[in-house]
Amino acid sequence: GMNAGFEDALRLYEMLGEGGDLADTFQRFSAEMVPSRKGLVEVSLANYEEMRAKTNSRLFALKRRLDWVLEGALPGVWAPLYTMVTFTRTHYHHAKAQAERQDRILNASIAAAALAALSLLAAALIRTAR
């Protein structure tokens, strides 16, 4: 919430500096910032759900660790949601959409790695059974 408040103040300051009609400036500000604030609500609710239900999950912990590793390996390409909303000026709805895309990639990667491991295990068991 505090980051969003600072972002609102900074963006309004920037828009006021552009000049123009004050009523038009406030209308443009609202049009730009309302989707981000809706995103903030959604991100906040998702964060509550994570804290309530997922923090004891090993899969969740693995995905968070992979998030941080990928951020280090792919700076500017991959960023955890926390990084996007805390250390950048990315609007919340854009950060949420990016985090959802990255989560799908992580889920698919983990599933592919698990399938590959099971395939190797099955192949090894078949070889030893012969």
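Start with contact order: in the protein chain, among contacts between residues at least 6 apart in sequence, 51% join residues at least 24 apart. Keep in mind that this is a predicted model.

The secondary structure is five helices and zero strands, so from the N terminus the order reads simply α-α-α-α-α.

Now the overall dimensions. The C-alpha trace spans about 80 × 30 × 20 Å along its principal axes. The radius of gyration of the protein chain is 21 Å, where a compact globule of 130 residues would come out near 14 Å. Of those 130 residues, 22% are buried. The exposed area is about 9,100 Å², with carbon and sulfur atoms supplying 65% of it.

Next, the interior. Which residues form the largest nonpolar core? There are nine: Ala4, Leu40, Val43, Ala79, Met84, Val85, Tyr92, Ala95 and Ala99. Helices α2, α4 (81–87) and α5 (92–129) each give two or more residues to this core, and α5 gives the most, with three. As background, nonpolar side chains in soluble globular proteins tend to be buried together.

Take Ala95 from that core. Setting aside neighbours within four places in sequence, Ala95 is in contact with Leu81, Met84, Val85 and Thr90. Met84 and Val85 are also members of the core.

Last, the surface. Leu16, Leu22 and Phe26 make a nonpolar patch of about 270 Å². Phe26 sits in helix α2, residues 22–54. Is Phe26 buried, partly exposed or exposed? Its relative accessibility is 38%, so Phe26 counts as partly exposed. Helix α2 therefore holds Phe26 of the patch, and α2 is also among the elements giving two or more residues to the core.

Key:
Residues are numbered from 1 along each chain as its sequence is written. This is a predicted model: local features need pLDDT of at least 70, side-chain atom pairs count only at pLDDT 80 or more; totals for chains, interfaces and linings use all residues. Side-chain values use heavy atoms; hydrogens and water are left out. Patches are made of residues with over 30% relative accessible area and no salt bridge: like charges are joined within 9 Å, nonpolar side chains (Val, Leu, Ile, Met, Phe, Trp, Tyr) within 5 Å. Accessible areas come from the Shrake-Rupley method with a 1.4 Å probe; for residues, only the protein chains shown count as cover. A salt bridge is a side-chain nitrogen of Lys or Arg within 4 Å of a carboxyl oxygen of Asp or Glu. Helices (H or I, at least four residues) and strands (E, at least two) are DSSP runs, numbered from the N terminus. Buried means under 20% relative accessible area, exposed over 50%, partly exposed in between (1.4 Å probe, protein chains only). A nonpolar core is a set of buried Ala, Val, Leu, Ile, Met, Phe, Trp, Tyr and Cys residues joined through side-chain atoms within 4.5 Å. Contact means heavy atoms within 4.5 Å. The radius of gyration is taken over C-alpha atoms; the globule rule is 2.2 Å times the number of residues to the power 0.38.
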